[in-house]
Amino acid sequence: MIDNIALALTHGLLLVALIRLVRRSDLDREVKAEDAVLTPREKRRARGRPRA
Amino acid sequence: MLDLALFAFVVGFLALGLARPFLWVLAYVYIDILAPQKIGWELTPMLPISLIAFCAAFAGWALTDSKKGTRFTLRQGLMVFLLAWCWFTTTFLAEFPESAAYKWEWVWKALVFAIFLPFTLTTRARMEALLVTIVLTLGAIVIATGMKTALGGGGYESLNFFVNDNSNIYESSTLATVAIGSIPLIVWLMRHGTIFPPDWRVKGFGIALIVACLLIPLGTEARTGLVSVAVLGVLMLRTVKHRFAYLAAAGTLVLVALPFLPPSYYERMATIATPSGDQSASTRLAVWDWTLDYVEEHPLGGGFDSYRANKFEYEMPLRSEQGNTTSVEYVEVVDEARAFHSSYFELLGEQGWPGFVAWVLLMVTGLTQMEKLRRRYRTREVPEEAWVAPLASALQYTQIVYLVGAAFQGIGYQPVIFLFLGLQIALWNWCRRRESRGDERLVRSNGPRPRSASAPDPAVP
C-alpha cells in the first residue's frame with residue numbers, strides 16, 4: 001500500500017515534469033529570457049517582479 | 001496492476017522521447033536508479049529497458065543534438081582513464097576473475113554514462129530536468145521508506161525496499177547517504193526550479209521530501225546516515241541567512257525527535273563511539289590495515305573484489321552483564337573475505353595507486369570547480385545567472401556528504417554519485433561557454449565584472 005502510494009505520487013509528478021519539458025522552448029537550446037515562451041502565469045509573475 | 005502501470009510508464013517515457021530525444025537520457029537515469037524491471041515481475045522485466053534507454057539516449061544525442069560548443073574536459077578524461085584502468089585490472093590483474101567480471105558489468109555502465117552525460121546537458125533546463133528526474137525517482141524510494149519508518153516499520157536490515165537485493169541504491173547505508181546528500185539539491189529545486197516554479201505546493205512537497213530523507217538514517221539505522229546528517233547540518237551553516245535561527249530550529253528538532261527514537265536506534269548509534277565492541281567496526285579497521293599491506297605488494301591493484309583475498313584474526317571484547325557486574329571477555333575472531341567498507345580503501349585495493357589517484361583527482365577537481373563557480377556567481381542577480389552559485393553550492397555539499405559517507409562504505413563507483421559528477425561537469429561547461437561567448441549585456445547589467453570572471457581559470461579545460 002505504502003509502496004504504491006509513493007510510486008503513484010512520484011510517477012505522477014514525473015509525468016507532469018516530462019509533459020512540461022516537451023513543451024518548453026529552452027530545453028534544447030538556451031533562449032534569452034525575453035524570447036522564452038512564458039505561460040500566462042509566468043508572464044504575470046515576471047511583470048510583478050522588478051528586473052535586476 | 002503495478003507491473004502494468006510501471007511498464008506503461010516506461011513505454012510512455014520512451015515514447016515522449018520521440019518528441020524530445022533528450023528525454024531518453026532522463027529515461028535511462030530513471031531506470032538506472034529505480035530499477036523498475038526488478039520491481040515488476042512479468043511485463044517490465046520482459047524487455048531490456050535499461051539497454052534500450054541507453055542506446056536511445058546515445059542515438060538521440062548523436063543524431064539530433066547540436067554539438068556546437070561541445071568540449072571534452074579533463075574530468076571526463078579522468079573518468080576515461082579510470083574506466084580503462086578498471087578494464088585493465090579486470091582483464092589482466094584480477095585475483096578473482098569471476099567476481100571481478102561481475103562487478104565490471106555495472107561499473108563500466110556507470111562510468112560510460114557519466115562520461116557521456118555532460119555532452120547532453122547543454123542548457124539550464126536540461127540540467128534542471130536531470131535533477132528533477134533524480135530527485136523524484138529517488139523520492140519514490142525515500143517516500144516509501146520514510147513512511148514505513150514513520151509508521152514504525154524501520155530497523156537495521158529489516159526495512160523492506162522495492163527491491164531487496166542490496167544492489168545499487170537499495171542498500172541501506174548507500175540509500176541513507178544519497179538521501180541526505182540530495183537534500184541540498186531538493187532545496188535548490190524549491191527555490192530556483194522552473195519546471196515546477198516555487199509556490200506553496202512545491203515548497204510543501206519539498207519539505208515533506210526532506211523530512212522523508214531525514215527519516216532514512218532512522219529507518220535503516222545506518223550509522224553512516226547519522227554522520228551524514230551531522231556533516232550536512234554543519235555545511236548548511238555556511239549558506240543559511242539566519243544562522244542563530246537555524247541553530248535554534250535544528251536544536252529544537254533534535255530535542256523533539258529524541259523521545260520518538262526506538263531503543264534499538266540508540267543501541268546501534270552507541271557503537272559509533274565504541275567501535276571496538278562491534279564486530280562490523282572492528283573488522284573495518286582490520287580490513288583497512290590489510291589493504292595497506294596488500295597495495296604495498298600489489299601497487300597496481302588486484303581487480304574488483306580483491307578483498308576476497310583477506311583473512312585475519314583479531315581479538316574482540318565481548319561484554320556480558322551479570323547482575324551489577326559487567327565482565328569483558330576477549331574472544332578470538334577469524335574473518336575472511338570481508339568487504340572494504342570504505343570507498344577509499346576499495347579503490348586502493350581494487351585499482352591500486354593509479355586508479356585511486358585518478359578517483360581522488362576526480363573528486364578534488366569537483367569540489368574546487370564548484371567552489372570557484374560559487375564564488376564567481378554569488379553576486380549575480382539576473383535571473384539567467386542567479387541560480388548558478390546556489391546549484392554549485394548544492395552539488396558541492398552533496399559531494400562532501402558522499403565523500404564523508406564513502407569513508408565507511410564501499411560506494412566508490414555508485415552510479416547516482418557519478419550522475420552528480422556528470423552534472424558538475426555540465427554546469428562548469430555551461431558557465432565556461434557563457435563566459436567565452438562574452439555575454440557582456442548581462443554582466444554589465446550586474447555592475448562591474450568580478451576579476452575572476454574576466455579571466456576564467458584555465459586549470460581545467
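This is a short tour of a two-chain model, stop by stop, with something to select at each one.

**Before you start**

The model is predicted, so to speak of local features a pLDDT of at least 70 is needed, side-chain atom pairs count only at pLDDT 80 or more, and totals for chains, interfaces and linings use all residues. Residues are numbered from 1 along each chain as its sequence is written, while chains are lettered from A and ligands numbered from 1 in the order in which they are written.

**Stop 1: chain A**

Select chain A. Its secondary structure comes to two helices and zero strands; helices here are DSSP runs of H or I with at least four residues, strands are runs of E with at least two, and both are numbered from the N terminus. Of its 52 residues, 17% count as buried. A residue is buried if 20 or more other C-beta atoms lie within 10 Å of its own, exposed if 12 or fewer, and partly exposed in between, with C-beta atoms placed from the backbone.

**Stop 2: where the chains touch**

Now show both chains. The contact takes 23 residues from chain A and 30 residues from chain B, where two residues are in contact if their C-beta atoms, placed from the backbone, lie within 7 Å. On the chain B side, α1 (2-16) and α7 (124-150) each supply at least two residues. The largest share of that side, 13 residues, comes from α7(B). By type, the chain B side divides into 19 nonpolar, five polar and six charged residues; Ala, Val, Leu, Ile, Met, Phe, Trp, Tyr, Cys and Pro count as nonpolar, Asp, Glu, Lys and Arg as charged, and the others, Gly among them, as polar.

**Stop 3: the nonpolar core**

Stay with chain B and color the core. A nonpolar core is a set of buried Ala, Val, Leu, Ile, Met, Phe, Trp, Tyr and Cys residues joined through C-beta atoms within 7 Å. The largest one has 127 residues, and those with the most contacts inside it are B:Tyr28, B:Ala114, B:Cys213 and B:Leu427. Here α7(B) gives the largest share, 14 residues.

Click on B:Ala114. Leaving aside residues up to four places away in sequence, B:Ala114 touches B:Met79, B:Phe418, B:Leu419, B:Leu421 and B:Gly422.

Next, pick B:Leu209 in helix α10 (residues 200-220) of chain B. B:Leu209 counts as buried because 24 C-beta neighbours lie inside 10 Å. With residues up to four places away in sequence again not counted, B:Leu209 touches B:Gly139, B:Val142, B:Ile143 and B:Ile186. Try a distance, too: B:Leu209 and B:Leu136 are 73 residues apart along the chain, and their C-alpha atoms are separated by 9.4 Å.

**Stop 4: two helices to compare with a ruler**

Select residues 23-34 of chain B, helix α2. At 1.5 Å a residue, its twelve residues should span 16 Å, and the end C-alpha atoms are 16 Å apart, which agrees; the expected span is 1.5 Å times one less than the number of residues. Twelve of the twelve residues of α2(B) are buried, among them B:Trp24, B:Tyr28 and B:Asp32. Just after the helix comes B:Ala35, with a positive phi near 55 degrees.

Then select residues 343-377, helix α15 of chain B. It has 35 residues, but its end C-alpha atoms are only 32 Å apart, short of the 51 Å that a straight helix would reach. Look for a kink of about 135 degrees at B:Gly352, shortly before the proline B:Pro354; the bend at a residue is the angle between axes fitted to the seven residues ending there and the seven starting there.

**Stop 5: the hairpin**

Select β1 (residues 311-322) and β2 of chain B, which pair in the antiparallel sense over twelve bridges; strands pair if DSSP finds at least two bridges between them. The two strands form a hairpin with two residues between them, and B:Gly323 in the turn has a positive phi of about 65 degrees. B:Gln322 stands opposite B:Thr325 in β2(B). Zero of the twelve residues of β2(B) (residues 325-336) are buried, so this strand lies largely in the open.

**Stop 6: the loops on either side**

B:Asp305 lies in the loop between α14 (279-297) and β1 of chain B. Its phi is near 60 degrees, a positive value in a residue other than glycine, and B:Asp305 is buried, with 26 other C-beta atoms within 10 Å.

Finish at B:Ala337, in the loop between β2 and α15 of chain B. Phi of B:Ala337 is positive too, near 50 degrees, but this residue is partly exposed, with 13 other C-beta atoms within 10 Å.
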